[in-house]
Amino acid sequence: YKQIHFIKSYLTFCLDNRTVWDETDLLVFCAKEWKGETEQAKQMRESYKTLFWKYHVKYIRQVTGDKYCLLRAVLFQIFSQGLPLPSWTKATDILKLPEKLLYSQGCNWIQQYSFGSQRYTGSNTLGILRKCIEALKGQWMEISGIKDQAQRQNFCNALFTGGNMEHKFYEAIKFFMLYQVIEAYERLANNQECIPNFFSDLFRRDTSLDPLSYMMNHLNSIGDRRGLDQIDLFLLEHSLEVKIIVYRLCKINTKDFLEMYTDEYQRDWHEVLLVTEDDRHYHIPVVKI
């Protein structure tokens, strides 16, 4: 009896603390969120109807709206689709990346890395980064090995319940992004030009002229004071090897309503869909044809 009670209590906890919710009918969701006759409400209702009829988005999964919400929406879909780890992780021991960057590549400044709202961790930065990468890699490998879709979905529902474990996932992804910036910067310095075009835009900004300034001025504040900007989205999909497609509902009747961040050579990557009303808070659209 005690064991059954514990299981029921745990399931209730998971349901109450979910950060990604079950599928909801898109038009029902819209009707609840956008009542009234203001211009914004009319625009949003038009946007949701366009999603429903033109793009076959029939359902929506709501995502908790903190500064990690975009990373959460992307990772949830990667896990629920059972996608493999990025191919570049097979060529290196990702658990040793923090030490490799510090000791082999001279990036001693990575000790200034911030973990969301945890601004400074001092000499323990490498240890915390390693734990974050271990957590992400372990769960990713486990869930990508589950072939049954329903079982994977149940796994995701139990996994995305907030707390320390989820934050470790997102900080590991942020570190993957930083690693890709460092790799691209070194290839540029060595006159190796085979890097994606968006890196040129990233390094052209006064606030991200090099990996250190990118980390200090952009990456460190993700999860705390800000989410991801447009260039971060290019970097995110490059780091995780997925195609990110965003429906931007505030851009109805413009070419920016459907935003894609993928270059030609990435066509074989799986799609991850996002929907946003304001370019700050993201949910997961579910297509049914």
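**Entry 1: the two domains**

I began with how far apart the two domains sit: the C-alpha centres of domain 1 and domain 2 lie 24 Å apart. This is a predicted model, so I kept that in mind throughout. I then looked up the bounds, and both domains turn out to be made of two stretches of chain: domain 1 takes 1–20 and 69–240, while domain 2 takes 22–61 and 242–288.

**Entry 2: the interface**

Next I went to where the domains meet. I found 22 residues of domain 1 in contact with 21 residues of domain 2. The area buried between the two is about 2,000 Å², and carbon and sulfur atoms give 59% of that area.

How many salt bridges are counted between domain 1 and domain 2? I noted one. I also looked up arginine 18 and aspartate 22, whose side chains meet in a salt bridge with an N to O distance of 2.5 Å. For polar contacts, I have six residue pairs across the interface, with both residues of each pair at pLDDT 80 or more.

Then I asked which elements give two or more residues to the side of domain 1 that touches domain 2. They are α4 (69–81), α7 (149–159) and α11 (230–240). Helix α4 gives the most, with eight residues. Sorting the residues of this side by type, I get 13 nonpolar, seven polar and two charged.

**Entry 3: helix α11**

I stayed with α11, as it is one of the elements on that side of domain 1. Is this helix largely enclosed or largely open? Nine of its eleven residues are buried, so α11 is largely enclosed by the rest of the structure. I wrote down the buried ones: Ile231, Asp232, Leu233, Leu235, Leu236, Glu237, His238, Ser239 and Leu240. I was pleased to see Asp232 and Glu237 on that list along with the leucines.

What do these buried residues pack against? My list has the helices α4, α6 (125–144), α8 (163–189), α9 (198–204) and α10 (211–217), and also strand β3 (242–248).

I checked both ends of the helix too. At its start, a side-chain oxygen of aspartate 229 reaches to within 3.3 Å of the backbone nitrogen of isoleucine 231. After the helix comes glutamate 241, with a positive phi near 60°.

**Entry 4: positive phi in two loops**

That sent me looking for other positive phi values. Most residues other than glycine have a negative phi, so exceptions deserve a line in the notebook.

Asparagine 253 is not a glycine, yet its phi is positive at about 65°. I located asparagine 253 in the loop between β3 and β4 (258–260). Its relative accessible area is 63%, so I put asparagine 253 down as exposed.

Aspartate 279 is not a glycine either, and its phi is also positive at about 65°. I found aspartate 279 in the loop between β5 (270–276) and β6 (282–287). How accessible is aspartate 279? With a relative accessible area of 25%, aspartate 279 is partly exposed.

**Entry 5: tryptophan 21**

Last, I looked up tryptophan 21, which is found in strand β1 (residues 20–25). Tryptophan 21 has 37% relative accessibility, so it counts as partly exposed. I also took its separation from aspartate 278: the two are 257 residues apart along the chain, and their C-alpha atoms are separated by 20 Å.

How values were computed
Residues numbered from 1 in each chain as written. Predicted model: local features only at pLDDT ≥ 70, side-chain atom pairs only at ≥ 80, totals over all residues. Heavy atoms only, no water. Domains from an automatic or database assignment. Contact = heavy atoms within 4.5 Å. Buried area = accessible area lost by both parts, 1.4 Å probe. Salt bridge = Lys/Arg side-chain N within 4 Å of Asp/Glu carboxyl O. Polar contact = N/O pair within 3.5 Å; in protein donor to acceptor, adjacent residues only side chain to side chain. Helix = DSSP H or I, 4+ residues; strand = E, 2+ residues; numbered from the N terminus. Nonpolar A, V, L, I, M, F, W, Y, C, P; charged D, E, K, R; others polar. Buried < 20%, exposed > 50% of the residue type's maximum accessible area, 1.4 Å probe, protein only.
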